[in-house]
Number of protein chains: 2
Amino acid sequence: MTVIEQMGAKAKEAARVLSVAGSKKDLALNSIADALIEHKDEIIKANNIDIEYGKEIGLTPSLIDRLTLGEDRIKGMADGVRKVSSLPDPIGNVISGNTLPNGLTVTRVKVPLGVIGIIFEARPNVTADAASLCLKAGNAVILRGGKEAINSNKAIAKIMRDAVEKVGLPKDSIQLIEDTTRQSSTELMQLSDYLDVLIPRGGAGLIKAVVENSKVPVIETGVGNCHVYVDKYADIDMASEIIFNAKTSRPSVCNAIETILVHKDIAKDALPKIKEKLDTKNVQIRGCKTTKEILGDDIVDAEESDYYTEFLDYILACKVVDSIDEGIAHIAKYSSGHSECIITNDYARANKFKKEVDAAAVYVNASTRFTDGGEFGLGAEIGISTQKLHARGPMGINELTSSKFIVEGNGQIRV
Amino acid sequence: MTVIEQMGAKAKEAARVLSVAGSKKDLALNSIADALIEHKDEIIKANNIDIEYGKEIGLTPSLIDRLTLGEDRIKGMADGVRKVSSLPDPIGNVISGNTLPNGLTVTRVKVPLGVIGIIFEARPNVTADAASLCLKAGNAVILRGGKEAINSNKAIAKIMRDAVEKVGLPKDSIQLIEDTTRQSSTELMQLSDYLDVLIPRGGAGLIKAVVENSKVPVIETGVGNCHVYVDKYADIDMASEIIFNAKTSRPSVCNAIETILVHKDIAKDALPKIKEKLDTKNVQIRGCKTTKEILGDDIVDAEESDYYTEFLDYILACKVVDSIDEGIAHIAKYSSGHSECIITNDYARANKFKKEVDAAAVYVNASTRFTDGGEFGLGAEIGISTQKLHARGPMGINELTSSKFIVEGNGQIRV
């Protein structure tokens, strides 16, 4: 057995205990929250090593910022863990039940998924966030973080493991892979004897590699090529406010928009107002031919490839469309199925968009930036699924569960 | 674009139409049922070619039987399709909904999965069964059957496609891959741009190959290494009836049992009775040391590997265990997580087993043979999932759906 296989076997054992641990899981979570505060100096010390190394290898200031764990962020992590402990426990909930003509009762109940693998990149707070959500839903977790945060991750994982053990649950409920070479994530993707699901959290490259190479079922998260379609019956002020918010409030996240589609009948009035607002944050517009006719020749030409691109930057593609159907067809072709929005005051057209657009979240007259487990009231989120299997959109605790059928009889046999 | 990529693109187009087709889907299903009956002679003619070929290449009589489509089976297929049309349509059902403090309403509704790929082996009736379930849930389907049934599959697929087109839905809602070389299934497993899920239906070898090689999300079906644990407080007559039924009523299916675990305090009384009943069907028992002490030395020795084996035959492994915990631990180690049963009259021990055993279906005092969509009242079944992601246990129409969030506002932006 390799080290990672051994971790898999230990996780499976821990998962058996967690699956029937009931409210002890909340004791463990509160114990973790206390321990994070108590040992904050150790975390900061380990984090400083990562920051030094990050500066040495020339990480950008924004990556250094993501990596940094000050006292406030550690308190934030602890608060997050406590919030997870206060969520209702889904395990054992009855989903459905019936009695068959032969007298058998069939009850479907929620159970944990079992063992969850999470592969993530630079942000060390994922260690505490993800582990606490998995634990609350009765799952053991194997974490594999990036090398940039390895010292921070090790410190946090050790503190959590000790805290879990302190309340009498197995410390192997939470395990961190300390080997950050490519080999370790490849091995994790082969661990189908032990892992029930693998969740990659990070950039498009990481996610694609996991989806293509994993033998373990994967929940695909995060890539967001999102659109706002400005209908001919849109309120132009509302459209420009929403586009401004959805593009610029945080351009680096998956629920930010990358392309706007504007109905031809409103384009002449709407586009200059939209541009005026975007100009205040120096957003580059890459437009189609008609866009350039309206906004002028200094607008950059949009290439076909721009419509496929998640810019994650102050760049916005723009296309003028002849009809709502052309808008919906454009979205069907280029979208990653994350969050899509229509701005309109026409009832029938709003309903058409809601029904025909295939995405995790479909919006009418609101910013796509709301696609988030916290905003949607799920309590906390492990990621945003962009696949259709198992979970779609923001995933909370419920999405970390499975179900089983309980069948009870008094001697029934099948004839 | 390869032929299979073109099929993927066509299926995606068809899926867009099906996702909003409403009750027209039922018209299509009834049109299919009528057409199957109307064209039964064509089906039988094509089927005869397959049967001749099957005899030439030396298929076993039971495989030839599975392959054969007489008038009765065709009527059975048509009745099955009509039954699917009469099921309630899940699409558009509201799963949950709430209003956020900022006035946004968030509603989660059921939507189709999109495009489903199904890889199956010799039974041509799967073509009609699977396609009708996919269609009812608003999905386009790409079928890839085995070469033994290719002529039958082609005839059935053509009839179904024409029948779907007749009611004004796209004929590419149902497509059959006519190339039955390994190349075509390999290509289907790479079709992640078009396929939302791939479901293999067949033997363990096929399923393993798909799980290991697919870049498309897979629902794993079917492998059943199922157990009956006979507790010290079991009713021995009930135990022997249930074991007899679960082993011999149809040994070749996934919900048949492969191993029994007998508590040591009841083994001396129970094992001879269990054996007496099994002897009437010449079931070979492969026993542990204690089993042999009780039943005699002519019992075959059980090897470690027997406990991992899905015999699908008149063979049953048997182990005497010291405690319910040893029984549960054995199941945790060797089971495929399909269907597991305890025979007991002790309330606390029944509950312990229900809670601690991790399987798609956990039974108390009833035969595992009931794990089936039809028996559980799901209307019809596309297969039995043995994974925990998305669907677990018998999968009906609901398991062929996904969901989306509809978010409606009046200009909300995220601050």
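## Two chains, their contacts and their salt bridges

Within helix α10 of chain B, the buried residues are Ile236(B), Met238(B), Ala239(B), Ser240(B), Ile242(B), Ile243(B), Phe244(B), Asn245(B), Ala246(B), Lys247(B) and Thr248(B). That is 11 of the helix's 13 residues, so α10(B) is largely enclosed by the rest of the structure. Please keep in mind that this is a predicted model. Below you will find that helix, then the salt bridges, a buried lysine, the two domains of chain A and the interface of the two chains.

**Helix α10 of chain B**

- From its first C-alpha to its last, α10(B) reaches 18 Å with its 13 residues, close to the 18 Å expected at 1.5 Å a residue.
- The N-terminal end of α10(B) is capped by Asp235(B), which places a side-chain oxygen 3.0 Å from the backbone nitrogen of Asp237(B).

**Salt bridges within chain B**

- Over all chains, the structure holds 64 salt bridges; here are three pairs from chain B.
- Lys232(B) and Asp265(B) meet through their side chains in a salt bridge, at 3.4 Å from N to O. Lys232(B) lies in the loop between β7 (226-230) and α10 (236-248) of chain B, while Asp265(B) belongs to helix α11 (residues 264-279) of chain B, so the pair ties together parts that are 33 residues apart in sequence.
- Both partners of that pair have some access to the surface: Lys232(B) is partly exposed at 30% relative accessibility, and Asp265(B) is partly exposed with a relative accessible area of 46%.
- Arg392(B) and Asp358(B) form another salt bridge, with their closest N and O atoms 2.9 Å apart. This pair links distant parts of the chain, 34 residues apart: Arg392(B) sits in the loop between β14 (383-385) and β15 (393-395) of chain B, and Asp358(B) in the loop between α14 (347-356) and β13 (361-366) of chain B.
- Is Arg392(B) buried or exposed? Arg392(B) is buried, because its relative accessible area is 4%, which is under the 20% cut-off. Its partner Asp358(B) counts as partly exposed, at 41% relative accessibility.
- Asp65(B) and Arg73(B) also join their side chains in a salt bridge, 3.3 Å from N to O. Asp65(B) is partly exposed, with a relative accessible area of 43%, and Arg73(B) is partly exposed as well, at 38%.

**Chain A: a salt-bridge network and a buried lysine**

- A network of salt bridges links Lys158(A), Asp162(A), Glu165(A) and Lys171(A).
- Lys25(A) is part of helix α2 (residues 24-38) of chain A, and counts as buried at 2% relative accessibility.
- Which side chain does Lys25(A) join in a polar contact? The partner is Asp89(A), and the contact spans 2.9 Å.
- Beyond its neighbours within four places in sequence, Lys25(A) is in contact with several residues, among them Leu18(A), Ile91(A), Leu135(A), Lys136(A) and Leu169(A).

**Two domains in chain A**

- Chain A divides into domain 1 (3-220 + 387-408) and domain 2 (226-370), with C-alpha centres 35 Å apart.
- Each domain of chain A brings 4 residues to the contact.
- About 360 Å² is buried between domain 1 of chain A and domain 2 of chain A, and carbon and sulfur atoms give 31% of that area. On the domain 1 side, Arg66(A), Lys388(A) and Arg392(A) lose the most area to domain 2, together 71% of what that side buries.
- Across this domain interface there are 2 salt bridges and 2 residue pairs in polar contact.
- Lys388(A) also forms a salt bridge with Asp358(A), where the closest N and O atoms are 2.8 Å apart.

**Where chain A meets chain B**

- How many residues does each chain bring to the contact? Chain A and chain B bring 68 residues each.
- The two chains bury about 5900 Å² between them, with 54% of it on carbon and sulfur atoms. Leu389(A), Phe405(A) and Arg414(A) supply 15% of the area that chain A buries against chain B, more than any other three residues.
- Between chain A and chain B there are 10 salt bridges. The side chains of Glu408(B) and Lys354(A) meet in a salt bridge of 3.0 Å, N to O.
- The interface also has 37 residue pairs in polar contact.
- Elements that each supply at least two residues of the side of chain A that touches chain B include β2 (105-112), α10 (236-248) and β16 (401-412) of chain A. β16(A) gives the most to that side, with 11 residues.

Methods:
Residues numbered from 1 in each chain as written. Chains lettered and ligands numbered in written order. Predicted model: local features only at pLDDT ≥ 70, side-chain atom pairs only at ≥ 80, totals over all residues. Heavy atoms only, no water. Salt bridge = Lys/Arg side-chain N within 4 Å of Asp/Glu carboxyl O. Buried < 20%, exposed > 50% of the residue type's maximum accessible area, 1.4 Å probe, protein only. Helix = DSSP H or I, 4+ residues; strand = E, 2+ residues; numbered from the N terminus. Expected span 1.5 Å × (residues − 1). Polar contact = N/O pair within 3.5 Å; in protein donor to acceptor, adjacent residues only side chain to side chain. Domains from an automatic or database assignment. Contact = heavy atoms within 4.5 Å. Buried area = accessible area lost by both parts, 1.4 Å probe.
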